[in-house]
Amino acid sequence: MADAAQAARHVLIAADKFKGSLTAVQVAQRVTAGLRRVAPDVEISSVPVADGGDGTVAAAVAAGFERREVRVTGPLGEQVTAAYALREGTAVVEMAEASGLQLLPEGVFAPLTSTTYGSGEVILAALDAGARSIVFGVGGSATTDGGAGMLAALGARFLDASGAPVAPGGGPLATLASADLSGLDPRLADVEIVLASDVDNPLTGPKGAPAVYGPQKGATPEDVAELDAALDHFAKVLGASVGPAALEHAASPGAGAAGGIGFGALVGLGASFRPGIEVMLDVLGFAPALAKASLVITGEGSLDEQTLHGKAPAGVAAAARAAGIEVVAVCGRLALAPEALGRAGIRRAYALTDVEPDVARCIAEAGPILEDVAERLAGDFLV
């Protein structure tokens, strides 16, 4: 591959995390170490990336944002510490920090009652810190409440027929009688909020949040049906309160993101929806880094069919291909044929399982094995 070797004088590493093994920052560090063994003089830079899901705040901090922490309400109502990132009036808020599956005790799920209240509290903290624009990364949620909890934390009121506040979670939304968004924090009107997600599902229906993602959160078929009906009712009550735009938003791409918090953000916060990786590449300063590169290395834990639908490596590859820059990938597991990789703009992928077939070892020893993988990559492309 002499042609690739001659061109690759500046390598840009722009990989997502290897979930459960390595953060995006650690992936970049390990790949750098492996490349250095073979090509010590090649210039290497890194932009750890994320697509709006878990790891988004960490990627922003790696790009120079300040990490801020705040105590908020977790998905089960307990207090948790959530982080967001802030730089020059732009905040990066990751809903999984306050309302994510990773906050639940092992084996514990609450598909009907888990709440996004804490995500609203993080947005409130960002407003208090002076944020003028908010990138709201959604994914990895434990919740299916349509963003009702988030909106309540920001001042909305959701009442049942007796005038009492509706209980937390998606299930109790079936009892919703009235919705009042007039009490939402007035600062929201002056802040640009971008809903960053790799999910384009609507709120309800066969492709909606409960049907597609509810089972991942412990929902039984009966729970899924209950949640779907409750969220449909929620959208109709909001429609009566704020107008027909609410029902239009319920059918919009991204409304079903993170248990329907996308819907709450679109209707209540005036958010605009953009694919998460596109937003994050802008926020992280990917374009200036790409301009200096002659080879891009991207990747994530599993390169599979989901990768092709808005995940970070596909977004990185698309941007690099548009700039005429070659892309290769590293991953824990590879489940894409070379033709599919090629269509995504990835010339070749290197998997940990190529070096170590034992998947358990790949997970436990991902760092050292990734260095070996990067060494192989360097042998093919850098010498």
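**Pocket and nonpolar cores**

The largest pocket encloses about 1,200 Å³ of space in this structure, which is a predicted model. Its lining is formed by 37 residues, and of these Lys19, Asp54, Asp198, Gln306 and Lys311 lie nearest the centre of the pocket. Two or more lining residues are contributed by each of strand E11 (295-303), strand E12 (326-334), helix H15 (352-355) and helix H16 (359-364). When the residues of this lining are divided by character, 15 are polar, 12 are charged and 10 are nonpolar.

Turning to the interior, the largest nonpolar core comprises 54 residues, among which Ile123, Ile134, Phe136 and Phe158 touch the most other members. Helix H10 (residues 257-268) supplies the largest share of this core, with 7 residues. For isoleucine 123, once its neighbours within four places in sequence are left aside, contacts are found with Val93, Ile134, Phe136, Met150, Leu154, Leu188 and Leu269. A second core, separate from the one just described, is made up of 41 residues, including Ala59, Ala60, Val135 and Val283.

Helix H10 is itself mostly covered, since 12 of its 12 residues are buried. The buried residues of H10 include the glycines Gly259, Gly260, Gly262, Gly264 and Gly268, together with Ala257, Ala258, Ile261, Phe263, Ala265, Leu266 and Val267. After H10 comes glycine 270, for which phi is positive, near 65°.

Terms used. Residues are numbered from 1 along each chain as its sequence is written. This is a predicted model: local features need pLDDT of at least 70, side-chain atom pairs count only at pLDDT 80 or more; totals for chains, interfaces and linings use all residues. Side-chain values use heavy atoms; hydrogens and water are left out. A nonpolar core is a set of buried Ala, Val, Leu, Ile, Met, Phe, Trp, Tyr and Cys residues joined through side-chain atoms within 4.5 Å. Buried means under 20% relative accessible area, exposed over 50%, partly exposed in between (1.4 Å probe, protein chains only). Helices (H or I, at least four residues) and strands (E, at least two) are DSSP runs, numbered from the N terminus. Contact means heavy atoms within 4.5 Å. On a 1 Å grid over the protein atoms alone, a cavity is a set of points where a 1.4 Å probe fits but cannot get out, and a pocket is an open set with protein on both sides within 12 Å along at least five of seven lines; lining residues have an atom within 4 Å of a point. Grid points are joined across faces, edges and corners, and a volume is the space filled by probe spheres set on the points. Ala, Val, Leu, Ile, Met, Phe, Trp, Tyr, Cys and Pro count as nonpolar, Asp, Glu, Lys and Arg as charged, and the others, Gly among them, as polar.
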